[in-house]
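Colleague: I have a structure here that I would love to go through with you. Could you pick out one part and take a close look at it with me?

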Amino acid sequence: MFRSCASAVLAGFALALTLATSAAAERITVFAAASLSNALTEIEAAFEADTGHDVAIAFAGSSALARQIEQGAPADIFISASPDWMDRVEDAGLIEDGTRVDLLGNSIVLIAYGAADPVVIGPGFDLADLLGQGRLAMALVDAVPAGIYGKAALQSLGVWNAVEPQVAQADNVRAALAFVATGAAPYGIVYATDAVAEDDVTVIGTFPAGSHPPIVYPVAGINGRTGEAALAFLDYLRGETARDAFEAEGFVMVGE
């Protein structure tokens with residue numbers, strides 16, 4: 001009888017503890033630049049295991065995500081691959097005060113399908129000759145940050161006009177990477193961090209940092225949606241676990 005009562009008490013205590021834990025757990029919706037897919041997927045799993053919160057991440061081009069947030073999409077956190085798109089969301093009054101920080105840095109590279117010899121990227125380098133009749137895969141050059149940075153670099157180096165007719169634009173940088181990885185385009189311009197995620201491409205050159213604006217990824221909470229769980233995730237993004245995941249993919253932590 002005593003054992004039965006004790007078991008019942010313990011079972012009730014365990015149930016109460018489970019319900020309390022479930023009640024404390026929250027769902028966090030993160031809108032993040034496509035180039036962060038690998039690192040954030042790893043960070044998501046670690047954060048969920050450490051905290052019990054549920055994280056849902058939508059990956060896409062920063063421009064598309066910013067527009068969706070402007071239109072009322074239920075994002076709690078936005079991580080952009082460009083300060084410009086974060087500025088747009090902030091100018092619309094949609095950023096929670098005090099939550100915006102610059103999180104990561106990156107670089108852009110020229111990649112080739114399969115094995116290829118390196119090239120020297122500098123003013124006037126003959127990219128058109130390298131392409132021949134092939135296409136140059138890039139993210140949308142007037143909307144997606146990776147494409148904007150790539151176009152700026154090619155313009156700065158004086159080769160944009162020669163290659164513009166051969167540019168194959170993709171909705172986001174991961175789609176541009178896929179064009180090259182599948183051989184649909186022999187060359188492409190992507191982030192250095194994207195290139196390491198694909199075995200079927202070779203980095204053949206890195207664009208000089210001075211040829212394009214600095215590549216910075218800001219992060220911020222969305223106004224009215226940044227609860228305790230979202231704030232915890234923002235802190236987690238700057239912690240040791242996240243740092244290891246980001247740096248393993250080639251990102252540089254900034255804004256310390």
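What follows is a close look at one helix and its surroundings.

Colleague: Which residues of helix 2 are buried, and what covers them?

Modeller: Happy to walk you through that, bearing in mind that this is a predicted model. Helix 2 spans residues 37–51, 15 residues in all, and its first and last C-alpha atoms lie 21 Å apart, close to the 21 Å expected at 1.5 Å a residue. The buried residues here are Ser-37, Ala-39, Leu-40, Ile-43, Glu-44 and Phe-47. Because they cover an arc of only 150 degrees around the axis, they sit on the same side of helix 2. The general background is simple: an α-helix has 3.6 residues a turn, so residues three or four places apart point the same way.

As for the cover over these buried residues, it includes strand 1 (27–33), strand 2 (54–60) and strand 3 (77–79), along with helix 8 (173–181), helix 10 (228–236) and helix 11 (240–248).

Helix 11 deserves a second glance. Its axis and that of helix 2 come within 9 Å and cross at roughly 155 degrees. With an angle over 145 degrees, the two helices are therefore roughly antiparallel to each other, and their crossing is right-handed. On the helix 2 side, Ala-39, Leu-40, Glu-42, Ile-43 and Ala-46 take part in the contact, meeting Thr-241, Ala-242, Ala-245 and Phe-246 of helix 11. Ala-39, Leu-40 and Ile-43 are thus among the buried residues and also among those that meet helix 11.

Finally, look just past the end of helix 2: Gly-52 there takes a positive phi of about 85 degrees.

Note on methods:
Residues are numbered from 1 along each chain as its sequence is written. This is a predicted model: local features need pLDDT of at least 70, side-chain atom pairs count only at pLDDT 80 or more; totals for chains, interfaces and linings use all residues. Side-chain values use heavy atoms; hydrogens and water are left out. Helices (H or I, at least four residues) and strands (E, at least two) are DSSP runs, numbered from the N terminus. The expected span of a helix is 1.5 Å times one less than its number of residues. Buried means under 20% relative accessible area, exposed over 50%, partly exposed in between (1.4 Å probe, protein chains only). The arc is that of the directions from the helix axis to the C-beta atoms. Contact means heavy atoms within 4.5 Å. Axes are lines fitted to C-alpha atoms, for helices over the stretch in contact, and angles run from 0 to 180 degrees between N-to-C directions. Angles under 35 degrees count as roughly parallel, over 145 as roughly antiparallel, 65 to 115 as roughly perpendicular and the rest as oblique. A crossing is left-handed if the near helix is turned anticlockwise from the far one by less than a right angle, and right-handed if clockwise.
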